[in-house]
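Me: I'd like to learn how to read a model like this one, feature by feature. Can you walk me through it?

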Amino acid sequence: MRKAFVVGVLVSLCFVVAPFTHAQTASQLQAEVNALLQQLAALQAQLQAQLGGAGVPSVLPSGVYGQCPSLSRALRQGMSGADVTALQAFLAADPRIYPEGTISGYFGALTQAAVQRFQARAGIVSSGTPDTTGYGSIGPMTRAVIAKVCSGAYSPIPGTSIPPPIPAIPQAQCSFAGTTLASGAAIQMYSVPQAPVGASCASYAQTRQCINGAMLGNPSFQYTSCSDTIGQACFVNGTIVPHGSSRTFYTQSLVPFGSACSSISQQRTCNNGSISGSNIYQYASCSTAAANTCVVGDTTVSHGTGRTFYLKSLVPYGESCTTSANSQLRTCTNGTLSGSSTFDKPTCSAATSPTCVLDGKSVNTGASGDFYNTRTVPYMSGTACPAANKLSRKCTNGIFDGDENYQYATCSISPPSSCSLAGQNVSHNSSYTFFRQSSVPFGTTNGCSSVAQSRKCTNGVFNGEDIYNLASCTVGAASACTSLDNLTIPHGSTSPMYNTPSVPFGSTCSRVNRTCTNGSLGTTNTAYGYKVCTVGSAPAPTCVLQAAKSVYLPNQLVAFNWTTQNVISGSLLGTAIPSASLASGSRANAISYSTVGDKTVTMSVTGNQSTAGQCSTIVKVQDILPPTCTLTIKKSTATTAGSAVTLNYADTAVITWASAGATDYSSSTPSSMSATTSVGVASGSMTLKPRERSYTYTFNNAGGSTQCAVSVNFNPPTCATPTTDKATYIYGDSATLTWSSTNADYATATSSDHISPSGSATFNNFIGTSPFTFTFVGLGGQTSCSKTITIPTPMTMSGPSNNIYQPGNELTVSWSYPGAVSTAGVYLMLVDTAGNKIGTSNIVAQLPSSSSYGWVVPISIGTTTLANGQYAVRAVAYTPKSACTTSGCGTHTVLARMDSNFFSISVPIATLFANQFAAALAALEAVLQSLLDQWDLLF
């Protein structure tokens with residue numbers, strides 16, 4: 001009956017879903033969803049009542065199994081995940097349940113068998129299949145039993161056979177990064193120790209759980225802590241702007257009166273050390289200049305005020321100064337005075353009588369008088385002021401005519417002036433001797449007279465040259481001389497001088513007498529500059545003594561060789577060495593030894609001044625002599641061999657050796673080198689690619705060891721200038737750089753570790769000029785080659801203002817291109833998330849005259865309606881702008897490009913709701929199916 005009810009609900013769901021595609025309105029759809037929810041609630045209530053009456057059995061005692069897993073979904077064979085891992089760890093704690101103990105995170109056949117054993121022993125189900133009875137799958141009832149096992153609430157069902165509990169198996173802890181975590185515990189971990197600027201640690205976090213010594217989750221999440229990076233502040237012309245903050249900057253700190261600072265301002269934002277906007281906006285403050293005042297002669301008029309000015313400062317008797325012909329009110333506006341510039345007199349008065357009075361001189365009306373434009377004139381010959389300084393002015397009704405500058409009644413000639421120079425006063429027409437130097441060196445011809453000149457004063461002015469401007473001169477004292485060993489020789493003194501401060505033992509100091517004359521020892525014998533010369537001490541005698549052979553047999557006569565220095569006599573083995581052999585010599589059959597061992601032989605030598613020295617050598621006496629050997633090396637393609645060779649990186653070489661008397665050998669040649677001929681004790685050769693600077697072979701026998709060595713030199717690396725995949729780039733391009741070299745083992749690039757000596761790499765996301773320097777390192781040294789890549793200034797773009805549009809809507813985007821030139825053009829296109837152009841024509845194309853615009857762009861192109869998805873508008877700057885038309889910009893140079901924010905095209909609301917309803921219906925069906933599974937298990 002109850003099962004029939006569940007089936008009935010499912011059938012009713014089918015009937016509800018069937019007519020859905022023909023539903024008329026969203027309200028009708030919502031009503032049908034509500035009906036489904038009501039039926040589901042009724043089914044859940046009835047099922048709960050049945051479960052309560054059936055008496056769900058208790059399960060196994062707490063502690064029998066492993067760490068309690070957190071299970072929130074149905075599990076069955078073929079599924080995987082962290083909950084499967086936790087289930088396997090729980091079951092593996094009891095080998096009777098899960099003897100294999102495999103913890104893989106995958107629900108396979110072994111895990112299914114373990115679940116069946118647990119269900120049977122817990123009295124849940126013991127037969128059937130996962131699809132019929134749930135036997136072998138984790139359903140709601142099995143999850144409930146597992147939870148009761150974990151809580152200790154298990155009680156066996158009467159009649160079931162439960163094996164005795166197995167002691168709980170300790171769960172291994174997890175240790176990592178200095179942290180210990182108990183099995184079953186979880187911790188939030190991070191993939192980076194510090195989040196990049198602009199990002200938070202939460203974007204790099206993952207919760208990981210310890211299961212019996214193993215950490216679940218992605219091993220790249222390895223850090224237990226993470227800190228957010230504080231972005232760098234920006235510095236603009238001495239002003240600090242913190243990361244993420246904005247500030248208004250101006251192109252000028254002061255604007256003229258009447259201008260506004262807001263017209264030259266820009267809001268700039270700091271993003272990790274990089275400031276937005278144009279660099280011409282660099283001033284943190286701006287003020288407006290004060291208005292200028294107006295100046296007329298000695299009179300100042302403030303901005304915005306007025307003052308009356310007059311045409312004349314004096315008008316005739318009976319005339320008024322205030323008439324419009326004689327006065328004018330003039331107003332000052334920011335330094336400019338209104339009115340006529342002829343009205344420039346700040347005051348005016350009228351003559352008080354018909355008689356004219358000027359400078360104390362009275363002249364009746366109709367008469368004239370002489371006046372001067374100065375009271376005195378400079379000294380000159382004669383007794384009267386020149387006629388050029390005099391003017392006859394006529395009096396008319398209290399006013400003189402003529403030039404007002406002629407205002408003095410008398411004029412006189414000034415007396416002549418005296419002259420003053422360097423503290424000396426010289427009368428008119430007198431002379432004085434001056435000097436151009438305050439002193440002259442000792443011995444100067446004519447002394448101070450050589451730098452003197454007599455200068456005459458004429459009315460305050462000296463004749464002659466201005467460089468003669470000193471009143472006195474002295475002759476300097478004679479200078480002493482200094483030798484090369486810093487001893488002083490007085491002027492006029494004669495002293496013995498040497499050409500060197502010391503000579504070797506046995507040599508004689510060479511000297512001459514030299515006389516000091518005013519700091520100079522003369523131009524002859526200039527090499528003799530030392531006042532002291534000493535003879536060196538006799539050098540100590542030295543010697544080197546060697547046996548002719550490294551090893552001798554018993555009773556074999558020993559021969560010696562020697563060399564000496566600074567020796568006048570010597571002896572070896574008690575016998576004097578002949579003088580002819582003192583410097584170098586030998587003695588054959590000097591001595592023999594009957595016993596083996598190391599024998600010390602000493603040579604004594606004597607030098608000059610009774611100096612003595614000695615040297616020794618060891619004579620090895622043994623029963624067997626060491627082996628002999630030869631070792632040569634040559635380039636594989638060469639014909640002759642020697643003790644050294646010079647190679648390129650890829651060259652191979654042949655090492656050849658031969659020995660006599662050797663019983664075994666050892667070699668410094670790396671074991672990884674393959675030989676073309678097996679190494680033999682007596683002789684052999686090896687072909688190899690050398691990577692060492694020397695190779696040593698040691699040949700041995702009972703008598704000792706002998707080494708032979710060869711050296712390898714390597715040519716230094718060479719490289720060519722790296723190449724790029726493009727001659728020029730625009731912002732957003734990736735740049736591929738290719739480099740190559742010879743004779744290099746590896747290379748290093750700017751801010752990189754070792755890389756291949758030849759290869760290529762792609763660089764992204766940089767702006768400006770970036771130099772890339774590659775250093776190639778080989779056995780022969782290193783060399784560098786560089787390449788500079790320039791990415792121009794990017795465009796910036798914003799919009800659209802909304803995130804979701806429907807077909808037929810319009811959107812707005814705007815952009816700015818600070819690096820634009822007057823010949824640049826911009827055109828727009830619609831692109832998908834992969835950057836592919838949508839449609840067959842451009843949305844809009846323009847030829848801008850400035851760098852910032854806004855556009856209203858339709859979403860549909862032609863007759864093609866866009867499908868649901870994400871899109872962006874791309875702005876592309878080209879040059880020349882005349883090439884850009886409504887069909888594009890052809891193949892002309894691309895300067896920059898930038899995409900807008902992505903926006904979505906949505907479906908109509910009815911269709912959208914239908915999709916949401918279908919998803920909700922699927923979820924309801926899953927819940928009902930789960931309830932039906934429980935019902936089957938119970939009944």
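**Salt bridges, a sheet and a pocket**

Reply: Sure. Let's start with a charged pair: aspartate 745 forms a salt bridge with arginine 691, and their closest N and O atoms are 3.9 Å apart. Keep in mind that this is a predicted model.

Me: What's the general idea behind such a pair, and where do aspartate 745 and arginine 691 lie?

Reply: In general, side chains of opposite charge can pair when their charged atoms come close. Here, aspartate 745 sits in the loop between β60 (741–742) and β61 (746–749), and arginine 691 in the loop between β54 (683–688) and β55 (694–701), so the pair ties together parts that are 54 residues apart in sequence. As for exposure, aspartate 745 is partly exposed, at 29% relative accessible area, and arginine 691 is partly exposed too, at 22%.

Me: How many salt bridges does the structure hold?

Reply: It holds 9. Another one joins the side chains of arginine 455 and aspartate 466, at 3.3 Å from N to O. That pair links distant parts of the chain, 11 residues apart: arginine 455 is in strand β33 (residues 452–458), while aspartate 466 is in the loop between β34 (461–462) and β35 (474–475).

Me: Is arginine 455 buried or exposed? And is aspartate 466 buried or exposed?

Reply: Arginine 455 is buried, with a relative accessible area of 3%. Aspartate 466, on the other hand, is exposed, with 61%. The cut-offs to have in mind are under 20% for buried and over 50% for exposed.

Me: What about the salt bridge between arginine 96 and aspartate 94?

Reply: Their side chains meet at 3.0 Å, N to O. Arginine 96 is partly exposed, at 23% relative accessible area, whereas aspartate 94 is buried, at 0%.

Me: Let's switch to sheets. How do I read one, and in what order do β3, β5 and β6 come?

Reply: Strands of a sheet pair through backbone hydrogen bonds, either parallel or antiparallel. In this case, 3 strands make an open sheet, ordered β3-β5-β6, with antiparallel pairing. The edges belong to β3 (186–190) and β6 (214–215); each has a single partner strand, so one side of each is left without a neighbour in the sheet.

Me: How many bridges hold β3 and β5 together?

Reply: The two pair over 5 bridges, in the antiparallel sense, with β5 covering residues 205–211. If you want a register point to look up, methionine 189 stands opposite glutamine 206 in β5.

Me: Now pockets. How do I find empty space, and what volume does the largest pocket have?

Reply: Rolling a probe the size of a water molecule over the atoms shows where empty space is left. The largest pocket here has about 440 Å³ of space. Its lining counts 18 residues, with Leu314, Arg393, Ile399, Phe400 and Glu404 nearest the centre.

Me: Which elements give two or more residues to that lining?

Reply: They are β22 (356–358) and β27 (399–400). β22 gives the most, with 3 residues. By class, the lining has 8 nonpolar, 6 polar and 4 charged residues.

Me: And the whole chain: how many helices and strands are there?

Reply: There are 6 helices and 74 strands. Of the chain's 939 residues, 32% count as buried. Lastly, among contacts between residues at least 6 apart in sequence, 62% join residues at least 24 apart.

Technical notes: Residues are numbered from 1 along each chain as its sequence is written. This is a predicted model: local features need pLDDT of at least 70, side-chain atom pairs count only at pLDDT 80 or more; totals for chains, interfaces and linings use all residues. Side-chain values use heavy atoms; hydrogens and water are left out. Two strands pair if DSSP finds at least two bridges between them. Helices (H or I, at least four residues) and strands (E, at least two) are DSSP runs, numbered from the N terminus. On a 1 Å grid over the protein atoms alone, a cavity is a set of points where a 1.4 Å probe fits but cannot get out, and a pocket is an open set with protein on both sides within 12 Å along at least five of seven lines; lining residues have an atom within 4 Å of a point. Grid points are joined across faces, edges and corners, and a volume is the space filled by probe spheres set on the points. Ala, Val, Leu, Ile, Met, Phe, Trp, Tyr, Cys and Pro count as nonpolar, Asp, Glu, Lys and Arg as charged, and the others, Gly among them, as polar. A salt bridge is a side-chain nitrogen of Lys or Arg within 4 Å of a carboxyl oxygen of Asp or Glu. Buried means under 20% relative accessible area, exposed over 50%, partly exposed in between (1.4 Å probe, protein chains only). Contact means heavy atoms within 4.5 Å.
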